[in-house]
Number of protein chains: 4
Amino acid sequence: MPIPAPNLYPDFNVVRLSHVHLNVQDLTASKKFYTEILGLQISDEDDKNLYLRAMEERFHHCIILTQNSDEVSDAPPDIPSVQTVAFKTYDEDDLDKAYAYFQSKNRPVAWVERPYQGRTLQTSDCHDMPIEFFHKMDKMPAIHQQYQLYRGVKPLRIDHVNYFSYHADESVAFWSDFGFRVTEYTEDEATKRVWAAWLHRKGGVHDVAFTNGVGPRLHHIAFWVPTPLNIIDLLDLMSTTGYLENIERGPGRHGISNAFFLYITDPDGHRIEIYCSDYSTVDPDLEPIKWDLTDPQRQTLWGAPAPRSWFEEGSVFHGVTPRKSDLKASPIIAP
Amino acid sequence: MPIPAPNLYPDFNVVRLSHVHLNVQDLTASKKFYTEILGLQISDEDDKNLYLRAMEERFHHCIILTQNSDEVSDAPPDIPSVQTVAFKTYDEDDLDKAYAYFQSKNRPVAWVERPYQGRTLQTSDCHDMPIEFFHKMDKMPAIHQQYQLYRGVKPLRIDHVNYFSYHADESVAFWSDFGFRVTEYTEDEATKRVWAAWLHRKGGVHDVAFTNGVGPRLHHIAFWVPTPLNIIDLLDLMSTTGYLENIERGPGRHGISNAFFLYITDPDGHRIEIYCSDYSTVDPDLEPIKWDLTDPQRQTLWGAPAPRSWFEEGSVFHGVTPRKSDLKASPIIAP
Amino acid sequence: MPIPAPNLYPDFNVVRLSHVHLNVQDLTASKKFYTEILGLQISDEDDKNLYLRAMEERFHHCIILTQNSDEVSDAPPDIPSVQTVAFKTYDEDDLDKAYAYFQSKNRPVAWVERPYQGRTLQTSDCHDMPIEFFHKMDKMPAIHQQYQLYRGVKPLRIDHVNYFSYHADESVAFWSDFGFRVTEYTEDEATKRVWAAWLHRKGGVHDVAFTNGVGPRLHHIAFWVPTPLNIIDLLDLMSTTGYLENIERGPGRHGISNAFFLYITDPDGHRIEIYCSDYSTVDPDLEPIKWDLTDPQRQTLWGAPAPRSWFEEGSVFHGVTPRKSDLKASPIIAP
Amino acid sequence: MPIPAPNLYPDFNVVRLSHVHLNVQDLTASKKFYTEILGLQISDEDDKNLYLRAMEERFHHCIILTQNSDEVSDAPPDIPSVQTVAFKTYDEDDLDKAYAYFQSKNRPVAWVERPYQGRTLQTSDCHDMPIEFFHKMDKMPAIHQQYQLYRGVKPLRIDHVNYFSYHADESVAFWSDFGFRVTEYTEDEATKRVWAAWLHRKGGVHDVAFTNGVGPRLHHIAFWVPTPLNIIDLLDLMSTTGYLENIERGPGRHGISNAFFLYITDPDGHRIEIYCSDYSTVDPDLEPIKWDLTDPQRQTLWGAPAPRSWFEEGSVFHGVTPRKSDLKASPIIAP
């Protein structure tokens, strides 16, 4: 098994994926998409930034959108770009422990200022992919029972991010070392290499996942909804309000994770998954489920392959040049 | 508009599609599929025949399966074949009126014996496609509130059949003349010909539909279920019990009819649609909805095209040689 | 059996329940309730009237709300009052046939002007309860696929009305005579009298129902929604937007009709049912289902009795004084 | 605020509620109920014991049923009785730490043998209520994607237990001290005492809850299902298979926890909740939501009060005599 044993006593304690900071070309168009179609709620906004949260979230933001510019992205304007992905630690002390940990791994470490957050550690993983950690964030009033506010797909919370990695074994090893636990993974039988892996902190199937491909890039951000009917409602809404081209893949059931899914793209091409039907993974001795790369049902239990775009397109990180994976592409791509 | 005006006062009164009589190569395999996967209930069976009904139906059968043989089908064994499609009339008298009507149209007419049914008229439409009419059928106890019997997709009733026609304008004209009313249709802009049309008697979007193609053949039989979750449950069940290859298309939402759909095939290749989200069409002055053949959303509101098999494969009728349509194929086919 | 045989060939042909015209004390408050909570769409409005339709309806209105005044109601302002309930005929000729029919039954008949409708016949039933018939109504653009318009409970169509009758046997006999067919009924074992009955024209369980009680009064108007989740969403919405007191009964499953239901009241106290899970009744020889008055599952399959208000409160008709039934009240009332 | 601050660094680490061991009068009747109605899967059984798990669980059991006898219960046979409720620790070491912890609190401690489990610590809480802790349990093959096995309400996992406590403040203080965190609670305004509180370890609203009443007793065991439709299906099934009397309360939405719920009783009277719509509570600084005891929406967002039985009936623990709470009963009980 190419999967490292879980580190049950990591140097510091991460609670969960917290939020993603995206650059967008047209803040007005993105605001419309994220509030009316996705149905996120605005926590705050100014000329250049929009702070959003999902319906059950009681902290300030799970998505930050910022007007794109040369300052925030070195990518061409038609390539969607990400500033950072941030994780919440269990306690304030965990930030200091994380600082020391990443320093010991020869990663760059810096304390940065982030609005509505406490102390924030900026660092990166083994492939120079930016990561931020913080513990404190401003609290917001609970709105999960204000049902008149529910709109669009009625998202309850951010669930996970999925990354392209040019070497998923390395990514999995690096992230496992500070406590992320693999729940499911795909192995390339020929090379015994990890093709893709799902790792969690919060007790669901994943907070992060890594798939071999041109990376590091962000593959998608996922939001949790309660039932498949939310996803069907979203499809009906998008296909009759000018967002037909933003439907990329689905609806379907992943073999891996058993999730009922839909993949859509925002106006910049950032990919978003709508997701339900997770299972509990809080037991530290729950064994990872292994899938064979040649099993078509790992991708879609019901058999339909993913489109080529799903394997190829992603969002880049500022200052990070993606590299190709040395593993061959998945054999199961829709023509 | 190429659609004929509805005939509000037809010569005889048809209530609805009643049942379909299919030939099958392996009655045991088909029984398993129709009872455990589709979830139909057995009304009666013998060595060669199986009579089935859906959960809210209180008459004897909506599907008859018969062991295939040279007597019942002149098609090669690998081509799925149909004995007949039958319709229920409003009254016993309507059978005599139908006899006279079809005779006047120079169609063959005969009274035939059918188990569990009263007098049954055997005739055919303008393309020699077999049709049967009857009024009386044996009644069965109501089981719609015996929830422990619900299995598979939990089908409530047979809803409609869809035919390939080699000349859909002719089919629509013929069926409209005895009272079937068009609810939606696709027009080929270039020729002003009907590409496909949906016609009803019972107050839903259709009892029958005709699509241009190699015909006359049966394209599919549809069963009505209450919610999209029935369809998702069926996909999960089929994909984990050896029926993955029997999932052909979907789930999706048709633009036409607004139905949430799934197309599957039985062990012989007879196509079955699972269907919900119909609307009421009881008003005789409800205007047909016209769709353009080049509008991809007519097929699937959410944009995914149908696979080639869906346009090409169908079930043949005994003694009837299908012909090609002179209209070109739909431009919207998945590669 | 106390139920009359269905009249398969009535003097005139009614297609379905069309609309209900209600008086309201505060048109602004009612508009908010009917558009934001029920989610009906406005077809037209002026200072005193609001015309509404449900999402799949393509004719002008299914509900008319009119500002209450002495002219439109002789009831005290705190008693909800109804102007009329209207039915659509199959053809224009059916109006003349209906005129002659009701005249022959010694009922008052008059042609009245109704906005957006063609010729409208005003008459009344055997208990002086107002009825209107018309054939033509202005058509509206289809909006069932404009999903951004869906709000509140997302109602698809008006389904039926339920009346209190001071003598349900008489009501059932009168309405059966012009073609309404009983689908289910409750019999009082002691007297062999009908306690309540459900009658249809359109092929569902009912267009109208009659229950013994102080009548004639309107018990409720029902709207059809596709799934129980619409009803759960409505409960969440009403209970968090100031409409908690307007939730009267449910959610539950009726034994009779098998409907999943919720009963709510509008700001005036007019009762509205939200309803799904109907079955098809187009077969004229479908036998009525008989329920025993002492069977608690006829009311609610799951066993919870209805509150007293549900048996006692209703909306009155202008100029009609309700009378008590001589049958004793149902033994199954929540304490 | 009467709620203690959460103990972020408890002496030992509990992962989640694991299982409940119930005594039953008729193992055959209980087996039928738990497998056909609840839909749990049998992991093992012998003449006197039945081991069950839910569909996504990969450890051996979440419910143990044992044939009742004087040895296992000192309660009269008509009073449902419980042997123990067991919790899984994060690691094997945590058992030793728990042993020392409970010993230091002057609670009885003992290592006991439990089939299919590793070392098991038997102890009790401040009110002598039995608790067991273990870390290791036999693993079972994953069946969450074997959809043909899903039956009854299709339960995915055990979620929580709810206890009657004769002094909820004491219970909350005791359990908080070893790391259970309060997510929501009801305060009695007059006395500033806790009426009821919900506490978690696994990142949901609760693993355990305490309500003032005659205690310690088990109020209910809850199973998690994905959608409200599972609950509606269960109601339909129970009400038509002889379990109508076993439906106690619901369906409804709790204000507290926002859960969509149904309460049923097993053949012995053990109460079971079917539950969905939880929210994530993994953040250690998520503030508890406070409810007022006089707010009717805390119990049921939609307004219907709970029946008296729900406040009074529960399952007793062997060797533990329940005592009355000194707080007055909730003012909101259905008449």
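**Axis, interface and burial in a predicted model**

Mentor: Of the residues of chain B, B:Thr227 comes closest to the rotation axis, with its C-alpha at 3.2 Å. Keep in mind that this is a predicted model.

Trainee: What makes the relation between chain B and chain C a two-fold rotation axis?

Mentor: Chain B can be laid on chain C by a turn of 180 degrees with a shift of 0.0 Å along the axis, and the RMSD is 0.0 Å. The two copies are therefore related as by a two-fold rotation axis.

Trainee: How do you know which surface serves the two copies?

Mentor: The same surface serves both, since 100% of the contact residues of chain B recur in chain C. In numbers, 36 residues of chain B are in contact with 36 residues of chain C.

Trainee: How much area do chain B and chain C bury between them?

Mentor: About 3400 Å², of which 50% is on carbon and sulfur atoms. The salt bridges between chain B and chain C number six.

Trainee: Why is the pair B:Glu287 and C:Lys139 called a salt bridge?

Mentor: The cut-off is a Lys or Arg side-chain nitrogen within 4 Å of a carboxyl oxygen of Asp or Glu. The closest N and O atoms of B:Glu287 and C:Lys139 are 3.5 Å apart, so the pair meets that cut-off.

Trainee: Now single residues. Why is A:Ser171 called buried?

Mentor: Buried means under 20% relative accessible area. A:Ser171 has 1%, so it counts as buried. A:Ser171 is found in helix α3 of chain A, residues 168–177. Apart from neighbours within four places in sequence, A:Ser171 is in contact with A:Cys126, A:His127, A:Ser165 and A:Phe210.

Trainee: D:Glu170 is in helix α3 of chain D, residues 168–177. Is D:Glu170 buried, partly exposed or exposed, and how do you know?

Mentor: The relative accessible area of D:Glu170 is 37%. Exposed would need over 50% and buried under 20%, so D:Glu170 falls in between and is partly exposed. Not counting residues up to four places away in sequence, D:Glu170 touches D:Cys126 and D:His127. D:Asp125 is 45 residues from D:Glu170 along the chain, and their C-alpha atoms are separated by 9.9 Å.

Trainee: What makes D:Glu57, in the loop between β3 (49–53) and β4 (63–67) of chain D, buried or exposed?

Mentor: Its relative accessible area is 11%, under the 20% limit, so D:Glu57 is buried. Leaving out residues up to four places away in sequence, D:Glu57 touches D:Cys62, D:Leu156, D:Arg157 and D:Ile158. D:Tyr99 is 42 residues from D:Glu57 in sequence, and the C-alpha atoms of the two are 27 Å apart.

Trainee: On to the sheet in chain D. Why are β14 and β17 of chain D said to stand at the edges?

Mentor: Nine strands of chain D form an open sheet with mixed pairing, in the order β14-β15-β16-β13-β9-β12-β11-β10-β17. β14 (247–253) and β17 (289–292) have a single partner strand each, so one side of each is left without a neighbour in the sheet. From one strand to the next the twist averages 20 degrees.

Trainee: How do you know that β13 and β16 of chain D pair?

Mentor: Pairing needs at least two bridges. Four bridges join β13 (residues 217–224) to β16 (residues 271–276) in chain D, so the two strands pair, and they run parallel. D:Ile221 stands opposite D:Ile272 of β16.

Notes: Residues numbered from 1 in each chain as written. Chains lettered and ligands numbered in written order. Predicted model: local features only at pLDDT ≥ 70, side-chain atom pairs only at ≥ 80, totals over all residues. Heavy atoms only, no water. Axes fitted to C-alpha atoms, helices over the stretch in contact; angles between N-to-C directions. Least-squares fit on C-alpha atoms with pLDDT ≥ 70 in both. Contact = heavy atoms within 4.5 Å. Buried < 20%, exposed > 50% of the residue type's maximum accessible area, 1.4 Å probe, protein only. Buried area = accessible area lost by both parts, 1.4 Å probe.
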